[in-house]
Amino acid sequence: MQPCTVITLVSMLLSILAGSHAQLTFSNPILDRNSADPCILRVGNFYYLTLSENTETELTIFKSPILTNFRNAESSIAYRTPPGYSDLWASEMHEVDGELYIYFTMRTAEKDHRMYVIKADNPADPMGNWSEAIRLLPDWDFGSIDGTVMKHGGQNYFVWASTRVQFLSIYIAPLINPTLVGRPTVLLRQPKEDWECQGGCTNEGPFFIYNRNVSYMIFSASSTWDPGYCLTQMSLESTQDPMDPINWVSAPGPVFSRNDEEDVYTTGHAAFTVSPDLTETWMVYHGTVNTTHINGFRTARIEKIEWNDDGSPRFPEAHGYNNAQPVPSGQTEKVALLQSQVVFLPSSKKTIMYRSVLMILVGTLAFASSQSNLTFRNPIFDRNSADPCAYRLGDYYYLSLSENRETELTIFKSPILTSFRDAETKIAYTTPTGYSDLWASEMHEVDGELYLYFTMGSVNFDLHRMFVIKADNASDPMGNWSDAIRLLPDWDYDAIDGTVMKHDGKNYFVWASGRTGHLSIYIAPFVNATLVGRPIVLLREPKEDWECEGGCTNEGPYFIYNKNVSYMIISASSTWTPGYCLTLSSIEFGKDPMDPSNWVAAPGPLFIRNDEEDVYTTGHAAFTVSPDLTETWMVYHGTVNTTHINGFRTARIEKIDWNEDGSPLFPKAHGYNHSQPVPSGQTSV
């Protein structure tokens, strides 16, 4: 190998990978689970996110090489609340005088919150051991939360929020050392304006950033339980005393607030960090996706902060799920290994050059082979994504969902099954005037054409009816679709969750209806893909206790096939209860599906809630295949708790194995903290 060949090869490799980096984007949030009051500190080459976990009894650190995703992050429990303590909130990791500390608040049954701090045994290793908790301000007996460190004029100060004056307000005091707060304590800011008092007058969550010899205190205003929760700021020049409130300059209003156009609310409790190359400032904060469900649903998000001409921070609008942003400057997982091999490439020594190039090539191959160890975590979509159906066509997966308050049938296109966060979208159908509640869309190929079956409600009839649209081009789901055709126009009963059964060379339409007083499963032959024939047969009714939680229900049928048997997977119990589950009925090829006696029903649920991993309401399943077509995967919806269901059902996937008799073997539902191998043949996440 000649030196010029070596250099050319290296240049090509780096050029290709650097070019791919320039196009990298991400979408908020950076973590799917509840992740309120997030704080991120960069130490070395990693980002460390601190959160309250396990019903706010554990202070957990998440370690990630990138800022945009903590879903597969290594985690470590730095501190657990002792007996009698609870509500561990708002942890922040800070470097102070060369050591590493985490400040946080917790409460007891007798008293509301007080501030505490722990110290890392090794400041270079946040994932190592931490000290016991030391109480800050032990003789200051007022509620205290959201403590942070201010570094100003060569001195350190402790700044926190307290209810000493009735409303949560901002206080400041000098730090004698990182675990000892001095005196005096000074009331720095009280909430007084209307925009600071939505849901309750509040100033809380202070955090400091610095630019051009000015300290900027970014803090939250209004109640954290209100969608109008926002950020504002105060600033102080480096030569002025922060203990004198008159020296501070307040912004006249919010600097960062809800973005209704992108469904981002409750935008506050911010912290700040830097990009991997240290050239950019990034903010981490929490937000929600609607205005009513807040507690338990605040997720960590990030935004890039620019700077105004006067040196003050310029905040962007809050970005929602569908608004992809460029990743932080210097972030790239793909080129890291190659760059590490090239940094010390000595051009004058051929042997070392060859060895370096060999290491580059080995590293490249190692990166490629590492794809086989890729994992993912549920959910595959962060927003409400009830009744999901994923269909594989060509090299892509197409997820169909109801959007925009259930008035739009939207298709999401992704090259991978494990994430639809950055997916291309297409609105295939919008409800006409007088129609609403578009639910449970399913994409099916029937006789060489592509169809979407779904249900809508209307002022023209009671409850729901079934409809179908046809793709203009069967190989392009992102293209145009026909107008809706009503199925079963002369069958005047409610009808939802329609699907296609392909059995012994014939097609059947199977759906759920409340004709008998509770939702049950019906079947009829297809004349063609848009015309349902007769007779109509009641196939299955809910009768068992496990089918009747919250209301006796059988719904959401979908078919998979194996060893000449058709398996109808259906949902049982009310979709509004945490006990919503899956069961099945099966029929062998050669038997008539129009005869209910030919079907064999499972004796109980096959896929249910998993309380250990906080997965509930597990149902409404559809099925697809892995990229290499060797595995069967189920897509379904679930929730993270037992009380917030409507608006919080998110799409998830599980691999389906097969029993020796050919029947499907369902796993336990996997929660946020349980990583799984990606589908076979998938080479990226």
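Let me start in strand S12, where isoleucine 172 is the bridge partner of valine 159. What we have on the screen is a predicted model, in which local features need a pLDDT of at least 70 and side-chain atom pairs count only at pLDDT 80 or more, while totals for chains, interfaces and linings use all residues. Residues are numbered from 1 along each chain as its sequence is written, and side-chain values use heavy atoms, with hydrogens and water left out.

That bridge belongs to the antiparallel pairing of S11 with strand S12, residues 167-177, which runs over seven bridges; two strands are taken to pair if DSSP finds at least two bridges between them, and the strands themselves are DSSP runs of E with at least two residues, numbered from the N terminus. Between S11 and S12 the hairpin has one residue, and in this turn glutamine 166 has a positive phi of about 85 degrees. On the other side of the story, strand S10 (residues 144-152) is joined to strand S11 (residues 155-165) by seven bridges, again in the antiparallel sense, and here lysine 151 has asparagine 156 in S11 as its bridge partner. The hairpin of S10 and S11 has two residues between the strands, and glycine 153 takes a positive phi near 60 degrees there.

Let me move along the chain to another sheet. Four strands form an open sheet in the order S29-S30-S31-S32, with antiparallel pairing. Strand S29 (435-446) and strand S32 (485-486) each have a single partner strand and stand at the edges, so one side of each is left without a neighbour in the sheet. S29 is joined to strand S30, residues 449-458, by eight bridges, and the two run antiparallel; within this pairing, methionine 443 stands opposite leucine 452 in S30.

Now to the charged side chains. Side chains of opposite charge can pair when their charged atoms come close. With a salt bridge defined as a side-chain nitrogen of Lys or Arg within 4 Å of a carboxyl oxygen of Asp or Glu, a search of the whole structure finds 21 of them. One of these brings us back to the edge strand S29: the side chains of lysine 502 and glutamate 445 meet at 3.1 Å, N to O. Lysine 502 lies in strand S33 (residues 496-503) and glutamate 445 in strand S29, so this pair ties together parts that are 57 residues apart in sequence. For accessibility, buried means under 20% relative accessible area, exposed means over 50%, and partly exposed is in between, with a 1.4 Å probe and protein chains only. Lysine 502, at 33%, counts as partly exposed, and glutamate 445 is partly exposed too, at 31%.

Which residue forms a salt bridge with arginine 540? The partner is glutamate 547, at 2.8 Å from N to O, and here both arginine 540 and glutamate 547 are buried. Arginine 609 and aspartate 611 also meet in a salt bridge, at 2.8 Å, N to O; arginine 609 is partly exposed, with a relative accessible area of 29%, and aspartate 611 is partly exposed at 42%. Elsewhere, salt bridges that share partners join Lys111, Asp112, Arg114, Arg135 and Asp141 into one network.

Let me turn to the aromatic residues. Rings of Phe, Tyr and Trp (its six-membered ring) pair if their centres lie within 6.5 Å, and planes under 30 degrees apart count as stacked, over 60 as edge-to-face and the rest as tilted; by this rule the count comes to 37 pairs. The ring centres of tyrosine 451 and tyrosine 453 are 6.3 Å apart with the planes at 35 degrees, so the pair is tilted. Tyrosine 451 is buried at 8% relative accessible area, and tyrosine 453 is buried at 0%. Tryptophan 491 and tyrosine 522 form an edge-to-face pair, 5.5 Å centre to centre and with 65 degrees between the planes. This pair links distant parts of the chain, 31 residues apart, with tryptophan 491 in the loop between S32 and S33 and tyrosine 522 in strand S35, residues 520-528. Tryptophan 491 is buried at 7%, and tyrosine 522 counts as buried at 3%. These four residues belong to one aromatic cluster, formed by Tyr451, Tyr453, Trp491, Tyr493, Phe509, Trp511, Tyr522 and Phe526.
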